[in-house]
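Colleague: I am new to this structure and would be grateful for a close look at a single part, namely its nonpolar core. Please connect that part to the elements around it.

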Amino acid sequence: MAKLFFRHAAMNSGKSTQLLQIANNYESMAKTVRLYTAAIDDRFGVGKITSRLNIQRDALTYDDHFDFLAADYAGIACVLIDEAQFLTPTQVQQLHRLAHTRHVPVICFGLRSDFRGEPFPGAAWLLALAEDIEEIKTICHCGRKATMHIRRDGNGQRIKEGPQVVIGDEARYHAVCARCFYA
Ligand SMILES: [Zn+2]
């Protein structure tokens with residue numbers, strides 16, 4: 001049965017690597033997948049999904065106005081979405097409907113919370129609607145499980161306020177455990 005999946009993790013957890021591995025698995029069975037990533041994320045070139053292991057694939061992009069239900073999914077065995085924290089609540093509803101009315105599994109990979117410790121709206125809706133939720137584990141520098149993010153400026157100073165989305169300075173984000181987040 002097709003359903004909506006949410007695979008969430010902190011940054012640098014290998015989310016994109018897992019996404020590309022799933023794409024590979026489908027294709028090794030001669031099935032076609034559809035890859036999407038957020039148009040907002042142009043670190044590696046628009047419409048690319050890049051893993052830490054330097055595997056890269058082209059992907060379609062979605063912005064805030066993209067309608068997932070307007071696309072044609074004939075022959076598509078699975079829809080894979082990277083940077084799913086950037087989905088709007090409406091888009092998460094569209095993807096949930098897509099899985100259950102057109103019987104295409106939709107697997108979303110993304111972050112849960114931002115550097116302020118607040119949920120991304122897309123992630124909050126995925127946590128509400130996805131039937132299958134799994135955490136991809138990654139480790140804080142202290143050895144505990146990392147579940148949150150902190151952001152630092154160029155001098156290493158912690159930044160606790162500001163806009164939720166600042167693309168392109170990923171090196172200044174660090175995945176940490178909750179204890180280190182509140183330290
Ligand atoms: Zn820690």
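Modeller: A nonpolar core is a set of buried Ala, Val, Leu, Ile, Met, Phe, Trp, Tyr and Cys residues joined through C-beta atoms within 7 Å. A residue counts as buried if 20 or more other C-beta atoms lie within 10 Å of its own. The model discussed here is a predicted one.

By that definition, the largest nonpolar core of the chain has 41 residues. Those with the most contacts inside this core are Leu-80, Ile-81, Val-106, Cys-108 and Leu-126. At least two core residues come from each of the elements β1, α1, β2 (32-38), β6 (76-81), α2 (89-101), β7, α3 and β11 (173-176). Ile-81 may serve as an example: beyond the residues up to four places away in sequence, Ile-81 touches Tyr-36, Val-106, Cys-108 and Phe-109.

The chain around this core has four helices and 11 strands. Of its 183 residues, 34% are buried. A compact globule with 183 residues would have a radius of gyration near 16 Å, and the chain agrees with this, because its own value is 16 Å. Along the principal axes, the C-alpha atoms fill a box of roughly 50 × 30 × 30 Å. Among contacts between residues at least 6 apart in sequence, 76% join residues at least 24 apart.

Several of the elements that supply the core belong to one sheet. Six strands form this open sheet, with parallel pairing, in the order β5-β2-β6-β7-β1-β8. The edges are taken by β5 (60-62) and β8 (132-135); each has a single partner strand, so one side of each is left without a neighbour in the sheet. From one strand to the next, the twist averages 20°. In a regular strand the side chains alternate between the two faces of the sheet.

At the β8 edge, the pairing can be followed residue by residue. Strand β1 (residues 4-8) pairs with β8 in the parallel sense over four bridges, and Phe-6 has Ile-133 in β8 as its bridge partner. Helix α3 (residues 121-129) lies across β1, β7 (106-110) and β8, and runs at about 130° to β1.

The loop that follows β1 leads to a site named in a record. UniProt, in an unreviewed entry, lists Ala-9, Ala-10, Met-11, Asn-12, Ser-13, Gly-14, Lys-15, Ser-16, Asp-82, Glu-83, Ala-84 and Gln-85 under "binding site". Two of these residues show how the setting varies within the loop. Met-11 lies between β1 and α1 (15-28) and is partly exposed, because 14 other C-beta atoms lie within 10 Å. Ser-13 is also found in the loop between β1 and α1, but Ser-13 is buried, because 21 other C-beta atoms lie within 10 Å. Apart from residues up to four places away in sequence, Ser-13 touches Ile-136, Thr-138 and Ala-175.

Strand β11, another contributor to the core, has an antiparallel partner. Four bridges join β11 to strand β9 (residues 148-152), and the two run antiparallel; within this pair, Arg-151 has Tyr-173 in β11 as its bridge partner. Strand β9 is also joined by two bridges to β10 (residues 158-159), again in the antiparallel sense, with Arg-152 opposite Arg-158 in β10. β9 and β10 form a hairpin with five residues between them, and Gly-156 in the turn has a positive phi of about 85°.

A further group of residues includes one in the loop that follows β11. The unreviewed UniProt entry applies the annotation "binding site" to Cys-140, Cys-142, Cys-177 and Cys-180. These residues span 41 residues in sequence, yet no two of their C-alpha atoms are more than 8.3 Å apart, so they gather at one spot. Cys-140 is in the loop between β8 and β9, whereas Cys-177 is in the loop between β11 and α4 (178-181). Cys-140 counts as partly exposed, because it has 19 C-beta neighbours inside 10 Å; Cys-177 is likewise partly exposed, with 19 C-beta neighbours inside 10 Å. Leaving aside neighbours within four places in sequence, Cys-140 is in contact with Lys-145, Ala-146, Ala-175, Val-176, Cys-177 and Cys-180. On the same basis, Cys-177 touches Cys-140, Cys-142, Arg-144, Lys-145, Ala-146 and Thr-147.

Note on methods
Residues numbered from 1 in each chain as written. Predicted model: local features only at pLDDT ≥ 70, side-chain atom pairs only at ≥ 80, totals over all residues. Pairing = 2+ DSSP bridges. Axes fitted to C-alpha atoms, helices over the stretch in contact; angles between N-to-C directions. Contact = placed C-beta atoms within 7 Å. UniProt positions renumbered as here; feature names shortened; annotations may be inferred. Buried ≥ 20, exposed ≤ 12 C-beta atoms within 10 Å, placed from the backbone. Rg over C-alpha atoms; globule rule 2.2 N^0.38 Å.
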